[in-house]
Amino acid sequence: ATTEIYTLYSSAASDVYKRQTCYIGERDVNETMVRSGWAKAMRKQTNRYVVDEDDAKNFNRGLWASAKR
């Protein structure tokens, strides 16, 4: 089976750094990394992944695994 990997760029949805969203099939790779705790939401640029980062923190995933709360 072949999985399509692509980036999505929208000038309306981009930030000042013109970052793109990377997808593998239908999965947003950025969201997956933030939700699993291996990336942080860029809160100063967008609120897009804040919920995913909060979820990772609440369940002590990835970077947050040994964080004392």
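## Close-up views of charged pairs and a nonpolar core

**Figure 1. Arg-35, Asp-52, Asp-55 and Arg-61 are joined by salt bridges into one network.** This view, like those that follow, comes from a predicted model. Opposite charges on side chains can pair when the charged atoms come close. Over the whole structure, a search turns up seven salt bridges. Within the network, Asp-55 is a good residue to start from: Asp-55 belongs to helix H2, and with a relative accessible area of 17% it is buried. Leaving aside residues up to four places away in sequence, Asp-55 touches Arg-35 and Arg-61. Gly-37 is another useful landmark here, with its C-alpha 8.6 Å from that of Asp-55 although the two are 18 residues apart in sequence.

**Figure 2. Asp-28 and Arg-48 form a salt bridge through their side chains.** The N to O distance is 3.2 Å. Asp-28 is part of strand S3 (residues 27–28), while Arg-48 sits in the loop between helix H1 (29–35) and helix H2 (50–58), so this pair ties together parts that lie 20 residues apart in sequence. Is each partner buried or partly exposed? Asp-28 is buried, at 8% relative accessibility, whereas Arg-48 is partly exposed, with a relative accessible area of 41%.

**Figure 3. A salt bridge connects the side chains of Arg-43 and Asp-54.** Here nitrogen and oxygen are 3.0 Å apart. Arg-43 comes from the loop between H1 and H2 and Asp-54 from helix H2, so the bridge ties together parts eleven residues apart in sequence. Both ends are partly exposed: Arg-43 has 38% relative accessibility, and Asp-54 has a relative accessible area of 31%.

**Figure 4. Lys-57 meets Glu-53 in a salt bridge and places its charged end over the ring of Trp-64.** Take the salt bridge to begin with: its N to O distance is 3.1 Å. Why do these two residues fit the pattern of a helix? Glu-53 and Lys-57 are four residues apart in helix H2, so about one helical turn separates them. Glu-53 is buried, at 2% relative accessibility. Now follow Lys-57 to the aromatic ring: the charged end of Lys-57 is 4.8 Å from the centre of the Trp-64 ring. As for rings paired with one another, the count of aromatic pairs is zero.

**Figure 5. Helix H2 has several buried residues, and H1 is part of what covers them.** The buried residues of H2 are Val-50, Asp-52, Glu-53, Asp-55, Ala-56 and Lys-57. Some of these names will be familiar from the earlier views: Asp-52 and Asp-55 take part in the salt-bridge network, and Glu-53 pairs with Lys-57. H1 is included in the cover over the buried residues of H2. Just past the helix, keep an eye out for Asn-60: this residue follows H2 and has a positive phi, near 50°.

**Figure 6. Five residues make up the largest nonpolar core.** Its members are Val-34, Ala-39, Ala-41, Tyr-49 and Val-50. Val-50 links this view to the previous one, being among the buried residues of H2. For Ala-39, the residues it touches are Met-33, Val-34 and Leu-63, not counting residues up to four places away in sequence. Of these contacts, Val-34 is itself listed in the core.

Notes. Residues numbered from 1 in each chain as written. Predicted model: local features only at pLDDT ≥ 70, side-chain atom pairs only at ≥ 80, totals over all residues. Heavy atoms only, no water. Salt bridge = Lys/Arg side-chain N within 4 Å of Asp/Glu carboxyl O. Buried < 20%, exposed > 50% of the residue type's maximum accessible area, 1.4 Å probe, protein only. Phe/Tyr/Trp six-rings, centres within 6.5 Å; stacked < 30°, edge-to-face > 60°. Lys NZ or Arg CZ within 6 Å of the ring centre and 35° of its normal. Contact = heavy atoms within 4.5 Å. Core = buried A, V, L, I, M, F, W, Y, C linked by side-chain atoms within 4.5 Å.
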